[in-house]
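Okay, thanks for coming, everyone. I'd like to walk you through a few local features, so let's get the picture up on the screen.

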Amino acid sequence: MTRKAKPAASSATPPKSAQAKAQDDQVMATNNSSIVSKRSVEKLYYANEPHFFRYFVKKFQRRAPLINRGYWLRLRAIDVLVRDFLRGARVRGKRGVVVNMGCGSDVLPWQCLTRYPEECGNARFVDVDFPDLIERKRQTVLGTPELLGMLTGLTGEKEGLVPPLVLESDRYVQIGCDLRDLATLQAGLAAAVGDFAACEFIFVAEVSITYMETEGADAVIRWASTVGNAEFVLLEQILPDGEGHPFASTMLRHFEKLNTQLKSVRTYPTVTAQHARFSSRGWASVQVWTLWQAWADEIFLSAAERRALDEIEEFDEWLEFALFASHYCVVHARAGSTCTPLPAPSLPSDVSIPIQPAALHFDECSGTRGQRRFAAAVPFLDGTKPSVLNVLGLGTKSRLQSCDVFSLGGPDGVESLTFGDGGPTTRMCHSLTDLGNNAVLLAGGRSSPSRPLGDCWVLDKGLNVWKQTHDHPVPLYRHAVSALGDSGLALLVGGRGEDEALDGCLVYRPETGWLNCEIIGHRPAAVYGAAISCEDSPRGSATFRGLYIGGIHNGLISDQALAWEADISNPMKPTIEFTLLKLAENGDIDTSRWLLARFGATCLQHGDEFLILGGVASDHLLSHRDEVLLCSVSDNELTITRRLFGQGTERGSMNRPLFVGHSAVPMPDGSVVVVGGGATCFSMGTFWNKGVYTFRPQARGTQAAGIAASFHRWVHARTIDILPAIPSPAVPSEHPVAGKLASITDIPRVKLETAADFLEIVRKGRPVVLEGLDLGGCVSAWTLDYLVDRIGADRKVVIHDAATKAMDFTSRNFRYVTTGFGDFAGRVKQGDRLYLRALSHEKPSEKPAVLADDFPALASDFVLPAQLSLVTENLFSSVLRVSGPVNMWLHYDVMANVYCQIGGSKRLVLFPPSDVEYLSFAPGASSSSVDVFSSLGSPKLARSRPHEAVLSPGDVLVLPPLWLHTATPVSDESIAVNVFFRDLDGGHYAPGRDVYGNRDLASYEKARQDVARIAGSFRKMPDEARAFYILKLADELRGLARG
């Protein structure tokens, strides 16, 4: 250990003024917010690791998904570079020294010691920060056994240390020092590590030296390059498109408000400037990424790791994430004789693509009027006054159940505009498509990232009423939709569903709904957030062409640029052909690809060209001059003809728009009106477009013209509420009789002697409870503590975390949460409303669960006796179920199954398949929102025929296929194994993936398509005649069902 010595005279520093001390205190305060966010990331994203931030954060606060993912990426970038440094130093036989400058309460040393114990064998970690802050950290370390216990050879008394050391151990040292005092810093580092020649250093500055004056920060960078063989990792903010970019201006205002100005960001605003900064200060090899580039770089994380993040926390804030990550850079610099110089980062050349000024006019709205994001807009004619409706979307506080009306010239005449009762519910990321003939199609959208919506609506612009139309075959959001000329049809490509992007195309026909559109030839990548547009076509044409670009796939923006041609000549079998577009060679191909690869952009037909507006790009921030493009397509070649640079039409400054989350509408005069839009700027505030922007692109070969002074202005006329439609309950064949209650039948209990007896039970198709079967040692052994011991406390599982006792799959009154099994079991013991339906450990979204494969440590405990050989021979899945005090919603399974109660008790209520008409199952749904346990004592279920059983450990319930059932625990905890098996010939089951065993039989899926065609055959009849004949057919089908 290093003993106290007389400090060098050069280390003395003059006392600070009160103002300077106050400034330092404010900089130190930024640590408090940062570590709360890092603690949120630690708890959610590193469930299988010891948690260290918890000792510096008094109370856990779960941050928003955007902040969690942003901090995860910050931590990951530093972790990877430090890990690689430690590995390299170990290979070279040197002591690796990690110096965290401005460390705050960061726990990098403990994380590395846990994750990389071999690499850290001879390493030493040095934390450096202001003396006041480092003293607080010292006290926390000394008072926390979990932190202190990882340190050996500790000298905890400061009297025995050489200043500025305040704590020293074999592998961890703390230095209390102002980074501007380099003499003291050097003395402390020498005391901490001894001979510099025997060491290799990596200096880490994560958003720390940016708060220093630039001269002082640059001195730190230069000094670090003189220490010896060294590396430097800098993570801090940049301004890639200047201070005027909406994200940048919001970020700068945030730090100025905190009085913690970013001192170096204006001097080094780009990755190129940061490269030059280090190269000119002694660093031979310099590599710089934005965090957005790091996100896509295999150096920092693989494609599998990107996908895995979505399993931890639902996420759809890609636009905001890209903006944040584009405004932060990671610098990795090396100094030493063995370093290889690296060129400065460069952006593709864009000089070959001309920039054309375009008239851009701004009409401001007062207050928060018109502020909504991820809405959808459509032109609207109110009498003779052109208007724009911006429908639903996200407001300043929550999703909105309304639309904004913008009027050209003034609000007169718009006040009378209202909608009839009944319309779509709140949503965002939906589409709105003008089909002509006064019909506007609203399709899909989402409430949360894991809850896409499938309902679709048509707005009749003549009657001002919403009418529900055919649902999507699968719920979708961020899909690309375009009207097909004047055909009254719409084309949909891609979009995000519950688990993945739609790998296909659909055509909407008002009479028959959504039809699968057969893809001929090249198949586009399955993406969401792409942009699509359709060229003008001759009236009556059955062939349509257009452009389809961008989108996101597995967390990365696609650079696909495709021409498409759709053929609707066969009304029941539309086709589409995609062609990969060659990028024109008269410009820089890399630049073209760089400008076109976008997510969240808008694509509009403009004359004989396509206008592409806004969104975010694949690996860089779109600059002001690159946000709006005009492109042409000819002979399967795409040419970016020019970039449009918006110029204000009046004197004075104009707020720069942010074309993210916006709605863009083409107007008959050739202008493009942009309403709404904005973004959450990480933790630094929200930027809103505060009015209406009007673009007037000029045709090729003409000059931009200003908007005349007498031009009528856009105004926010009003906001109109859209009253959500009340869902219609399922209509029973007879109305319940007042005062009559359902009669409950006890499910019979039998003892099973032979396999033949079980076969007979299955053939009868009636539920029974089997008693006295030998299920193995599980019945006596399985408790929650036993399961934790065998499965492992850190084993990740996905659970239902319910808000109420009665879970409802339709309303999703629960959250899917990924957690450790030990944490789940502990919370169940505490009485939390949790439910585990185990999934396949290997491929949860592709393979059914099998207990022996997913939990091999439990395999020998649970056995199916010989009497159930039919189940074993036709096994589909075996599912571990563990629950607290929550009810499983009413649903049915298409496959037969046996429910084996292992621990605790459970009450199940079953209904025969024919009761489906009384229990409010929506078309195509296998779950209902009816709360059976609160309804059995009311006339609501009077026509139903419930069957009931209470299962105890060792009981086995035989559940025939299609029997509707729900369950509630009788004990505080319940443990069961649910074994599904096929009892029908294979041809009856629908082909394709069926993870849960509840995909409807093939005949039903085909019949639903037949129903749509039958309904379409009546489309030309008068309404009353159409309803009359469809009801007659329904009666015929009901009669067939009842024999």
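Let's start with Phe-1028, which counts as partly exposed because its relative accessibility is 47%. One thing before I go on: this is a predicted model. Phe-1028 sits in helix H22, residues 1023–1041. Together with Met-1021 and Tyr-1029, Phe-1028 makes a nonpolar surface patch of about 290 Å².

Now over to helix H16, residues 784–791. Which residues of H16 are buried? They are Leu-784, Leu-787, Val-788 and Ile-791. If you look down the axis of H16, those buried residues fall within an arc of 100°, so they line one face of the helix. And what do they pack against? The buried residues of H16 pack against helix H17 (821–829), plus strands S46 (875–883) and S53 (974–981). Flip to the face turned away from that buried side, and you'll find Asp-785 and Asp-789, which are exposed. Right after H16 comes Gly-792, with a positive phi near 105°.

Okay, on to strands. A bit of background: strands of a sheet pair through backbone hydrogen bonds, either parallel or antiparallel.

Take S51, which covers 956–959. Val-956 and Val-958 point one way from S51, while Leu-957 and Leu-959 point the other way. Are those side chains buried or exposed? All of them are buried. As for partners, strand S42 (residues 768–771) is joined to S51 by three bridges, and the two run antiparallel. Strand S48, residues 896–903, also runs antiparallel to S51, with four bridges joining them. Val-956 is a handy landmark here: Leu-770 stands opposite Val-956, and so does Cys-900.

Carry on along the chain from S51 and you get to the loop between S51 and strand S52 (964–969), where Leu-962 lies. Leu-962 has a positive phi, near 70°, and of course Leu-962 isn't a glycine. Leu-962 counts as partly exposed because its relative accessibility is 34%.

S52 brings us to an open sheet of five strands, in the order S40-S50-S49-S52-S47, with mixed pairing. Which strands stand at the edges? Those are S40 (745–746) and S47 (888–891); each has a single partner strand, so one side of each is left without a neighbour in the sheet. For S40, two bridges join it to strand S50, residues 947–951, and that pair runs parallel. If you want to find the spot on screen, look for Asp-746, which stands opposite Glu-948 in S50.

Last stop: two bits of backbone earlier in the chain. What kind of peptide bond joins Pro-163 and Pro-164? A cis one, with omega at about 10°. Pro-164 lies in the loop between helix H5 (145–148) and strand S3 (165–168).

The other one is Asn-259, in the loop between helix H8 (246–257) and helix H9 (271–279). Asn-259 is like Leu-962 in being a residue other than glycine with a positive phi, and for Asn-259 the value is near 60°. With a relative accessible area of 29%, Asn-259 is partly exposed.

That's my tour. Shout if you'd like any of those spots back on the screen.

How values were computed: Residues are numbered from 1 along each chain as its sequence is written. This is a predicted model: local features need pLDDT of at least 70, side-chain atom pairs count only at pLDDT 80 or more; totals for chains, interfaces and linings use all residues. Side-chain values use heavy atoms; hydrogens and water are left out. Patches are made of residues with over 30% relative accessible area and no salt bridge: like charges are joined within 9 Å, nonpolar side chains (Val, Leu, Ile, Met, Phe, Trp, Tyr) within 5 Å. Accessible areas come from the Shrake-Rupley method with a 1.4 Å probe; for residues, only the protein chains shown count as cover. A salt bridge is a side-chain nitrogen of Lys or Arg within 4 Å of a carboxyl oxygen of Asp or Glu. Buried means under 20% relative accessible area, exposed over 50%, partly exposed in between (1.4 Å probe, protein chains only). Two strands pair if DSSP finds at least two bridges between them. The arc is that of the directions from the helix axis to the C-beta atoms. Contact means heavy atoms within 4.5 Å.
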